[in-house]
Amino acid sequence: MKTIPFLNASAWIDAENEADPNNEIYQDVTYPKELLYSDRMYERLMSFQPDASEAVQIAAKAQHICRWKIARESYPMDRVGYLKWREDLKKFHAKITSEILKKAGYEDDFIDRVSFLIEKKLLKKDEETQLLEDVICLVFLEFYLDPFVHKHDTEKLKNIILKTWNKMSDKGHQEALKINYTPENLQLIKDSLGL
């Protein structure tokens, strides 16, 4: 049973993401890009770990909230610029989500916990941060790997897959191997991981 604060916060997160000017077409339907990502994150979390805490559920939905407002191009187009952009995005997502949760009536401790998760603190050490990272990786592998395949060379792809794999838990690995990949992408994953 979802609480009123959770339902309100979810609706407000969706409303923010619905304003994304970037669209993505999925199964012949056009969606605001970050709203679709948010839905995919939440659905994957609930199928992967149905008893996930309310904090993780909100962190999953808000993972990319208003992401389009900080453009990658506004940072130097190198590794340092990329990492700085990613760090600033995490803080930005946490800040917007905190404001929504405060408006929804959540306590400060809960809001701090959601921010902690969105900022992916203590990865590999905090169980819920790891759960969220697993879901992020699973959503990437299921929905966003294929577009990458058409943009990058094989060596770069292998590197991306290996980095993704190394962020995941054993439970995440097992789930990742159940995804319905194209035969080519499945082979690429196996080659990347030496399976």
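This is a short tour of aromatic pairs, charges over rings and one lysine in a predicted model.

Start with the rings. Searching the whole structure turns up seven aromatic pairs. Select Phe6 and Tyr42 to see one of them: the ring centres are 6.5 Å apart and the planes meet at 40 degrees, so this pair is tilted. Now show the helices around these two residues. Phe6 belongs to helix H1 (residues 4-18) and Tyr42 to helix H2 (residues 33-48), so the pair links distant parts of the chain, with the two positions 36 residues apart. Turn on a surface if you like: Phe6 is buried at 4% relative accessibility, and Tyr42, at 18%, counts as buried because the cut-off is under 20%.

Next, select Phe140 and Phe148. Their planes stand at 85 degrees with the ring centres 5.3 Å apart, so this pair is edge-to-face. Phe140 is buried, with a relative accessible area of 15%, whereas Phe148 is partly exposed at 28%.

Move on to Tyr26, Tyr37, Phe143 and Tyr144, which ring pairs link into a cluster. While you are at Tyr26, add Arg40: its charged end sits over the Tyr26 ring, 4.6 Å from the ring centre. For another charge over a ring, select Trp12 and Lys103; here the charged end of Lys103 lies 4.1 Å from the centre of the Trp12 ring.

Finish at Lys158, in helix H7 (residues 154-167). Lys158 is partly exposed, at 26% relative accessibility. Which residues does Lys158 touch, not counting those up to four places away in sequence? Select Leu188, Asp191 and Ser192 to see them. Then pick Leu193, 35 residues from Lys158 along the chain: the two C-alpha atoms are separated by 8.1 Å.

Note on methods:
Residues numbered from 1 in each chain as written. Predicted model: local features only at pLDDT ≥ 70, side-chain atom pairs only at ≥ 80, totals over all residues. Heavy atoms only, no water. Helix = DSSP H or I, 4+ residues; strand = E, 2+ residues; numbered from the N terminus. Buried < 20%, exposed > 50% of the residue type's maximum accessible area, 1.4 Å probe, protein only. Contact = heavy atoms within 4.5 Å. Phe/Tyr/Trp six-rings, centres within 6.5 Å; stacked < 30°, edge-to-face > 60°. Lys NZ or Arg CZ within 6 Å of the ring centre and 35° of its normal.
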